[in-house]
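Thanks for coming. I have one model to go through this morning, and I will take it piece by piece.

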Amino acid sequence: ALPASPRYLEAALLLRPPESRSQRDPALSKVGEGLYLGGPAACVSWEGAQALLESGVTHVVNATLQLQHPPVPAGEPAFVAVRCAVEAGASPAGGGAAVTAALEEAAAAIAKSKSEGGRAVVLCDTPGGASAGAIAAYYLMRHCGFPLRRALDALAAAKRGQLLSASLLQRLAEAEARLAAAAEPEDKMKSREADGEAG
């Protein structure tokens, strides 16, 4: 049976932005091509799961420890689902290695969905979807080359009111620096190759 406790239902209502309140799509917003953010409504009701299917979602990244994966309506193919729990209040002890690993795993799952011609939704159980927002931002940085500021702007444009914690913002800032450092040797190599061809 699907969980339908008041806490889950209340969370679903809190996650639902005013301009998106509808019976067909209670908590789904588009961040970019083939990437959506969603709330617990998709996990606690057949209607929510149907909204995912109608949006073409094929892959689910569950950013929680508590929510079950979305149910699958009869006759529909199962979602490709992976759980990558990101703790918004995680301690920075150890450099936030667990959070960073979860972000990397989640971003890879989204990238895989895109490579297979599918669409992915990142589900979260907190008002504003902070953990899901962090995953979406990291994916845009890691696989689309977005700087952090542009990734955060994309979240704002999705109108889900993500309020990322200081801890998550720190992890994303560290990721931006790490990705930039990793790109430097490749950029230098390309520059040397271009110089050699010009010579």
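Start with strand β5, and keep in mind that this is a predicted model. Ala120 and Val122 point to one side of β5, while Val121 and Leu123 point to the other. The residues on both sides are buried.

What does β5 pair with? β2 and β5 run parallel and are joined by four bridges. One pair to look for there is Leu35 with Ala120 as its bridge partner in β5. β3 also runs parallel to β5, again with four bridges. On that side, Asn62 has Leu123 in β5 as its bridge partner.

Next, the packing. The largest nonpolar core has 38 residues. Which of them touch the most other members? They are Val31, Val61, Leu103, Ile110, Val122, Ile135 and Leu172. Two or more residues each come from β2 (35-38), α4 (97-115), β5 (120-123), α5 (130-144), α6 and α7. Helix α5 is the one that gives the most, at 10 residues.

Ile135 is worth a look by itself. Leaving aside neighbours within four places in sequence, Ile135 is in contact with Val61, Ala63, Cys84, Val86, Leu103, Ala106, Ile110 and Val122. There is also another core, apart from that one, with 11 residues, including Tyr36, Cys43, Leu52 and Phe79.

Cys43 brings us to helix α2, which covers residues 41-44. Is Cys43 buried or exposed? Its relative accessible area is 0%, so Cys43 is buried. Cys43 and Gln68 are 25 residues apart in sequence, yet their C-alpha atoms are 6.2 Å apart in space.

A loop residue now. Ser55 sits between α3 (46-54) and β3 (59-62). Ser55 has 17% relative accessibility and therefore counts as buried, the cut-off being under 20%. Setting aside neighbours within four places in sequence, Ser55 is in contact with Leu28, Tyr36 and Arg119.

Last topic, the charged pairs. Side chains of opposite charge can pair when their charged atoms come close. How many salt bridges are there? The count comes to five, and I will show three of them, beginning with Lys30 and Glu33.

The side chains of Lys30 and Glu33 meet at 3.5 Å, N to O. Lys30 is partly exposed at 44% relative accessibility, and Glu33 is exposed at 56%.

In helix α6 (residues 148-157), Asp153 and Arg149 are four residues apart, about one turn of the helix. They form a salt bridge, with the closest N and O atoms 3.5 Å apart. Arg149 is exposed, with a relative accessible area of 54%, whereas Asp153 is partly exposed at 41%.

The other pair is in helix α7 (residues 166-198), where Arg171 and Glu174 are three residues apart, again about one turn. The closest N and O atoms of this salt bridge are 3.0 Å apart. Which partner is buried here, Arg171 or Glu174? Arg171 is, because its relative accessibility is 2%. Glu174 counts as partly exposed, at 31%.

To go back to the start: β5 has parallel partners in β2 and β3, and Val122 of β5 is among the residues that touch the most other members of the largest core. That is what I have, and I can take questions.

Terms used: Residues are numbered from 1 along each chain as its sequence is written. This is a predicted model: local features need pLDDT of at least 70, side-chain atom pairs count only at pLDDT 80 or more; totals for chains, interfaces and linings use all residues. Side-chain values use heavy atoms; hydrogens and water are left out. Buried means under 20% relative accessible area, exposed over 50%, partly exposed in between (1.4 Å probe, protein chains only). A salt bridge is a side-chain nitrogen of Lys or Arg within 4 Å of a carboxyl oxygen of Asp or Glu. Contact means heavy atoms within 4.5 Å. A nonpolar core is a set of buried Ala, Val, Leu, Ile, Met, Phe, Trp, Tyr and Cys residues joined through side-chain atoms within 4.5 Å. Two strands pair if DSSP finds at least two bridges between them.
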